[in-house]
Amino acid sequence: METLSLILLMLALIILTQVLGHYIRFIPTALIQILVGTIAALLISGLKIEVESEWFLLLFIAPLLYNDSSHFPRDELWKMRAAIFGNAIVLVLLTTVIGGYFINWLVPVIPVAAAFALAAILSPTDPIAVNGIAKRVQIPEQILNLVRGESLINDASGLVAFSYAVAAVVTGYFSIQQATTEFVYMFAVGAVVGLTISIAMNWLKMKLRRTGIEDVVFYALLQILTPFIIFFVAEEILHASGVIAVVTGGILHALIKERTETFFAQEQTLTDNIWTMIAYILNGIIFLLLGLTLPEATREIFADDAINNWRLMSFVIEIGTVILLIRLIWTMFFNWFDHRFLKKADHRKPSFKQDVITTLVGVRGTITMVGVLSLPFVTESGEAFPERSLIIFLAAGVIIFTLVLATILLPLLNRGEADAQPELDLNSYKQRMVKRAITEIKQVVQEENSTVAFDLLNEYHVMLRLLRAQEKSEEELTHFNQQLKKLRLEAVQWERDLTKQFLQEHKTPDQLKKKSSGRLITAAKPSTRKPASVCCNRSGKSFGNGNGLTCRPIN
C-alpha cells in the first residue's frame with residue numbers, strides 16, 4: 001500500500017510541477033521538480049525513500065536512454081563523433097583525476113579514492129535537464145546535439161570510473177591494468193549485446209507477423225520491453241555496460257524503423273505515443289526523487305556541529321566551479337584543435353562565448369544522483385564508508401548549482417542571438433516541416449482514415465528522402481544508388497523464388513503462370529536507364545531540372 005501511495009503521490013506532483021512550470025517559465029521544470037520534491041519530503045513525516053542503483057538504472061535510465069538514442073539525429077552524431085567521444089571519454093577521465101585531487105585538497109577528510117568517486121560521478125551530463133532549459137532558452141542546435149550525443153556515452157564512462165573508485169575505497173585495492181581491460185570489455189560487449197538483441201527482437205517480430213499475428217498493441221509492448229531486456233542481459237548476465245547496450249540498441253532500432261515505418265505505420269504511431277507518455281512520467285519522477293531523497297540523505301551532515309553549514313555551501317560552489325572550469329578549458333582546447341588541424345569546411349571559427357555556452361549546458365543530474373545514492377554504507381573491513389553523507393550532500397549541491405547557474409547565465413548569453421540573422425538553410429527548415437507533418441499525421445491516425453493517412457505518410461517519407469538527397473555529395477549519392485539497386489535486385493529475386501515456390505505447390509492456370517513468369521523476368525533484367533534527376537518543390541511534388549533548384553540523381 002505504501003508503494004502504491006508513493007506512486008500516486010509522484011504522479012500528482014508531476015502534474016503540479018508541470019502546471020507550475022507553465023506559469024514560472026524562467027525556471028527549468030527539472031529545478032521546480034527538485035524543489036517541490038524537497039518541500040514534500042519536509043512536509044510529509046515519516047517519508048523515507050531508499051534508492052537502489054541497480055533497479056533505478058533498469059527502470060529509469062535504460063528506457064530513457066533507449067528512447068533518446070532512437071530519436072537522436074544520426075547524421076549529426078557521425079559528424080560530431082570526435083567531439084562527442086572526446087567529451088564522453090577524455091573529458092570524463094580528466095574530470096575524475098583533476099577534480100578528484102582538487103576535492104581531496106579542498107576537503108581533506110574525504111580520502112583520495114572517495115574524492116575520485118565523487119569527481120567521476122559528477123562528470124556525466126544530463127540531457128533531460130538540458131532539454132528543459134532548451135525549451136526556455138534558444139541554445140544553438142550544434143551545442144545541443146553535442147551535449148545530447150555525449151550524454152549517451154558519458155553515462156557509461158562516468159559510472160565505470162565511479163565503480164572502480166568506489167571499489168578502491170571498499171577493498172583498498174586498485175589496478176590500472178585491470179580497470180582498463182574491464183573498461184574496454186564493458187564497452188565492447190555492451191555494444192555487441194545492444195546490436196544482437198535489437199536484431200533478434202526485430203527478427204522475432206517479423207517471424208511472428210508471418211504466423212499471422214497482426215496485433216499492433218502486442219508489437220508495441222514488445223518494443224517497450226526491448227530496452228529492459230537489453231539492459232538486464234548486458235548488466236546481470238554478461239556484466240557489461242547496460243548503458244552502452246541500450247544506446248546501441250536504440251540507434252539500431254531507429255535505422256530499422258526508418259526502413260519499415262511506411263509498412264508498419266500504425267504500430268509505430270502507437271509505440272511513439274506510448275514512449276512519449278513513458279518519457280514524460282519517468283523524467284518527472286527522476287527529479288522528484290532527487291528532491292524527495294535530499295533531506296534524508298543530508299540530514300546527518302547538517303546535524304554535525306563539527307561542520308559549518310556556510311562552509312559546506314562554499315565547498316559546493318568551489319567544486320561545481322572547478323568541474324565547469326575543467327569542461328570549459330577542454331572545450332576551448334578541442335575547438336581550437338578542431339579548427340586549427342582538422343579544418344572542416346562547415347566548422348565555424350571558435351568563439352569564447354560559444355565555449356561558455358557549451359560549458360554551462362553541461363548540467364549534472366540523474367546519473368550523478370543515482371550513482372552517489374548507491375554508495376555502500378560500510379567497507380570490506382567493516383568500517384563506515386568515509387564521509388558518505390558529506391559526499392551525497394556535495395553531489396546534490398553541485399547538481400543544483402549547475403542547474404541554477406545555467407538558468408541564470410544562459411538567457412543572458414543568448415540575449416543577442418534572437419536579433420542575429422544567420423544564413424538560412426532552407427533545406428533544413430523544409431526537413432523540419434516535413435518531420436513535423438509526419439508527427440502530426442501519426443497522432444490523428446484512426447481505423448477509418450488509416451488508408452489515406454498511410455498513403456500520405458508514404459508521400460511525406462519520399463519527400464523527406466528527396467530533401468536529404470540534396471545535402472549529399474555526388475560520391476554519397478552514387479554509393480546510395482548502388483545500394484538501392486542491389487536491394488531492388490535482391491527483392492525481385494526473393495519475389496521470383498517465392499512465386500516459383502507458390503506455383504509449384506498450388507494448382508494455377510497456365511495463363512497466370514505465363515504472366516507471372518514473364519513479369520518477373522522483365523523485372524529482373526538490369527535497367528540501362530540513367531538515373532533520373534529529381535527535385536522537390538514547395539508542394540512536395542517531384543519534377544525535372546529547372547526552377548533554379550539543384551537536382552540530384554535519386555534512383
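This briefing describes the overall make-up of one protein chain and then some of its helices, salt bridges and loops. The model is predicted. The protein chain has 555 residues, of which 46% count as buried. It holds 20 helices and 3 strands. Two salt bridges are present in the structure, and one of them involves Glu 150, a residue of helix H8 that recurs below.

**Overall make-up**

- About 30500 Å² of the protein chain is exposed, and carbon and sulfur atoms supply 62% of that area.
- Among contacts in the protein chain with a separation of 6 or more, 76% are between residues 24 or more positions apart.

**Helices H5 and H8**

- Helix H5 covers residues 81-106 and helix H8 covers residues 141-171; their axes come within 8 Å and cross at roughly 40 degrees.
- The crossing of these two helices is right-handed.
- On the H5 side, the residues in contact are Ala 83, Ile 84, Phe 85, Asn 87, Ala 88, Val 92 and Thr 96.
- On the H8 side, they are Leu 146, Gly 149, Glu 150, Ile 153, Asn 154, Ser 157, Gly 158 and Ala 161.
- By type, the residues of this contact divide into 8 nonpolar, 6 polar and 1 charged.
- In an α-helix, residues three or four places apart point the same way, because there are 3.6 residues a turn.

**Glu 150 and its salt bridge**

- Glu 150 lies in helix H8 and is one of the residues that meet H5.
- Glu 150 counts as buried because its relative accessible area is 1%, under the 20% cut-off.
- Beyond its neighbours within four places in sequence, Glu 150 is in contact with Ile 84, Asn 87, Ala 88, Thr 125 and Arg 327.
- Of these partners, Ile 84, Asn 87 and Ala 88 are among the H5 residues that meet H8.
- With Arg 327, the contact is a salt bridge between side chains, at 2.7 Å from N to O.
- This pair links distant parts of the chain: Glu 150 is in helix H8, Arg 327 is in helix H13 (residues 309-342), and the two are 177 residues apart.
- Both residues of the pair are buried.

**The salt bridge of Arg 311 and Glu 318**

- The side chains of Arg 311 and Glu 318 form another salt bridge, with a distance of 3.5 Å from N to O.
- Arg 311 has a relative accessible area of 38% and is partly exposed.
- Glu 318 is also partly exposed, at 28% relative accessibility.

**Helix H6 and its surroundings**

- Helix H6 runs over residues 112-121, and 7 of its 10 residues are buried, so the helix is largely enclosed by the rest of the structure.
- The buried residues of H6 are Ala 114, Ala 115, Ala 117, Leu 118, Ala 119, Ala 120 and Ile 121.
- Their cover includes H5, H8, H15 and H16.
- Ala 119, one of the buried residues of H6, has its C-alpha 7.6 Å from that of Val 97, and the two residues are 22 apart in sequence.
- Val 97 lies in helix H5 and counts as partly exposed, at 43% relative accessibility.

**Helix H15 and the loop that follows**

- Leu 373 is in helix H15 and counts as buried, at 15% relative accessibility.
- Leu 373 and Ser 389 are 16 residues apart in sequence, and their C-alpha atoms are 9.4 Å apart in space.
- Glu 387 sits in the loop between helix H15 (366-373) and helix H16 (388-413).
- The phi of Glu 387 is near 55 degrees, a positive value in a residue other than glycine.
- Glu 387 is partly exposed, with 32% relative accessibility.

**The loop with His 239**

- His 239 is placed in the loop between helix H10 (216-237) and helix H11 (242-260).
- The phi of His 239 is near 55 degrees, which is positive although the residue is not glycine.
- Most residues other than glycine have a negative phi.
- His 239 counts as exposed because its relative accessibility is 55%, over the 50% cut-off.

Conventions: Residues are numbered from 1 along each chain as its sequence is written. This is a predicted model: local features need pLDDT of at least 70, side-chain atom pairs count only at pLDDT 80 or more; totals for chains, interfaces and linings use all residues. Side-chain values use heavy atoms; hydrogens and water are left out. Axes are lines fitted to C-alpha atoms, for helices over the stretch in contact, and angles run from 0 to 180 degrees between N-to-C directions. Helices (H or I, at least four residues) and strands (E, at least two) are DSSP runs, numbered from the N terminus. A crossing is left-handed if the near helix is turned anticlockwise from the far one by less than a right angle, and right-handed if clockwise. Contact means heavy atoms within 4.5 Å. Ala, Val, Leu, Ile, Met, Phe, Trp, Tyr, Cys and Pro count as nonpolar, Asp, Glu, Lys and Arg as charged, and the others, Gly among them, as polar. A salt bridge is a side-chain nitrogen of Lys or Arg within 4 Å of a carboxyl oxygen of Asp or Glu. Buried means under 20% relative accessible area, exposed over 50%, partly exposed in between (1.4 Å probe, protein chains only). Accessible areas come from the Shrake-Rupley method with a 1.4 Å probe; for residues, only the protein chains shown count as cover.
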